[in-house]
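This report covers a ligand site, a pocket and some backbone features of one protein chain. The structure comes next, and the text after it starts with a question.

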Amino acid sequence: MDAFNDRATAATLIATRRSGKARDMVAPGPDAAQLASILASAARVPDHGKLFPWRFVVVADRAAFAERLLAIYLAAKPDAGRLEQEAVTQFATQAPCLVVVIASPRPSHIPVWEQELSAGALCQNLCLAAHAHGFVANWLTGWAAYDAQVLALFGGAAPERIAGFFYIGAPAKALDERPRPDMAAITRVWPG
Ligand SMILES: Cc1cc2nc3c(=O)[nH]c(=O)nc-3n(C[C@H](O)[C@H](O)[C@H](O)COP(=O)(O)O)c2cc1C
């Protein structure tokens, strides 16, 4: 059995899931058909009220995204040094594939909280679907996820929110384990 993202069965894939690090991803990323399949799987998510309260933006022109992201960053922080600027550029250009998930709550009696939970579930589905196709994924946020101008770049506005930037590719380095919760500490049987 592979240590991580073992694709033998759905159960092993989930039990051994591990994100890749976006900065360590190399080609290949998904081709157009694989990405379409990954996004369709991601959208197959619990959704109270069938509102589809989320959407995807596939960032096809990474250099253009880097340029726009850096312009937004420098407008707010004109004194940003070289390392800071390089980090912004890296965020936009790292990994073979980048998809932005936008939570788009609809006017509805369904609480926004539930619609955003559906968006979060979609995000995890996206990661798992990428892993099921033999890639690794990485869900990142950072300042760009909370910046109204970045949201506007993707045609969004409040109450929409960027749920995350999803990088997909092949891992350049072996994955390793990270601390996992003590299941006994987070699980109770009620009544105790
Ligand atoms: C909403 C959300 C935002 C995240 N943003 C970041 C981030 O900006 N930077 C980061 O290093 N990890 C971030 N993470 C964590 C990684 O996506 C990843 O889950 C983590 O590195 C643990 O690895 P694992 O998925 O293999 O358990 C975020 C996770 C979530 C759920």
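Does Phe52 count as buried or exposed? The model is a predicted one, and in it Phe52 has a relative accessibility of 51%. The cut-off for the exposed class is over 50%, so Phe52 counts as exposed.

**Backbone features**

Phe52 is found in the loop between α2 and β2 (54–58). Its phi is near 50 degrees, a positive value in a residue other than glycine. Ala95 is not a glycine either, and its phi is also positive, about 70 degrees. This alanine sits in the loop between α4 (82–93) and β3 (97–103). Its relative accessible area is 12%; buried means under 20%, so Ala95 is buried.

Two cis peptide bonds are described here, each with a proline as one partner. Ala27 and Pro28 are joined by one of them, with omega about 5 degrees. Pro28 has its place in the loop between β1 (25–26) and α2 (32–42). The other joins Trp190 and Pro191, where omega is about -5 degrees. Pro191 lies in the segment after α7 (183–186).

**The ligand site**

Which residues surround the ligand? They are Arg17, Arg18, Ser19, Asn138, Trp139, Leu140, Thr141, Gly142, Arg178 and Arg180. By class, this shell divides into two nonpolar, four polar and four charged residues. Polar contacts to oxygen atoms of the ligand are listed below for Arg18, Trp139 and Arg180.

| Residue | Protein atom | Distance to a ligand oxygen atom |
|---|---|---|
| Arg18 | polar side-chain atom | 2.7 Å |
| Trp139 | backbone N or O atom | 2.6 Å |
| Arg180 | polar side-chain atom | 2.9 Å |

Taken alone, the ligand exposes 610 Å², and the protein buries 58% of that area.

Arg18 belongs to the loop between α1 (10–15) and β1. With a relative accessible area of 12%, below the 20% limit, Arg18 is buried. That area is computed with the protein chains alone as cover. Besides the ligand, the side chain of Arg18 has a partner within the protein: one of its polar atoms lies 2.6 Å from the backbone oxygen of Asp176. The side chain of Arg18 thus has a polar atom 2.7 Å from a ligand oxygen atom and a polar atom 2.6 Å from a backbone oxygen of the protein.

**The largest pocket**

Rolling a probe the size of a water molecule over the atoms shows where empty space is left. The largest pocket has a volume of about 300 Å³. Its lining is made up of 19 residues. Which of them lie nearest its centre? These are Ala145, Tyr146, Arg161, Ile162 and Ala163.

Three elements give two or more residues to this lining: α5 (112–132), α6 (148–153) and β5 (161–171). The largest share, four residues, comes from α5. In terms of residue class, the lining of the largest pocket divides into twelve nonpolar, three polar and four charged residues.

Key
Residues numbered from 1 in each chain as written. Predicted model: local features only at pLDDT ≥ 70, side-chain atom pairs only at ≥ 80, totals over all residues. Heavy atoms only, no water. Near = heavy atom within 4 Å. Polar contact = N/O pair within 3.5 Å; in protein donor to acceptor, adjacent residues only side chain to side chain. Areas by Shrake-Rupley, 256 points an atom, 1.4 Å probe, with all protein chains shown as cover. Nonpolar A, V, L, I, M, F, W, Y, C, P; charged D, E, K, R; others polar. 1 Å grid on protein atoms, 1.4 Å probe; cavity = no way out; pocket = protein on both sides within 12 Å on 5 of 7 lines; lining within 4 Å. Points joined across faces, edges and corners; volume = space filled by probe spheres on them. Buried < 20%, exposed > 50% of the residue type's maximum accessible area, 1.4 Å probe, protein only.
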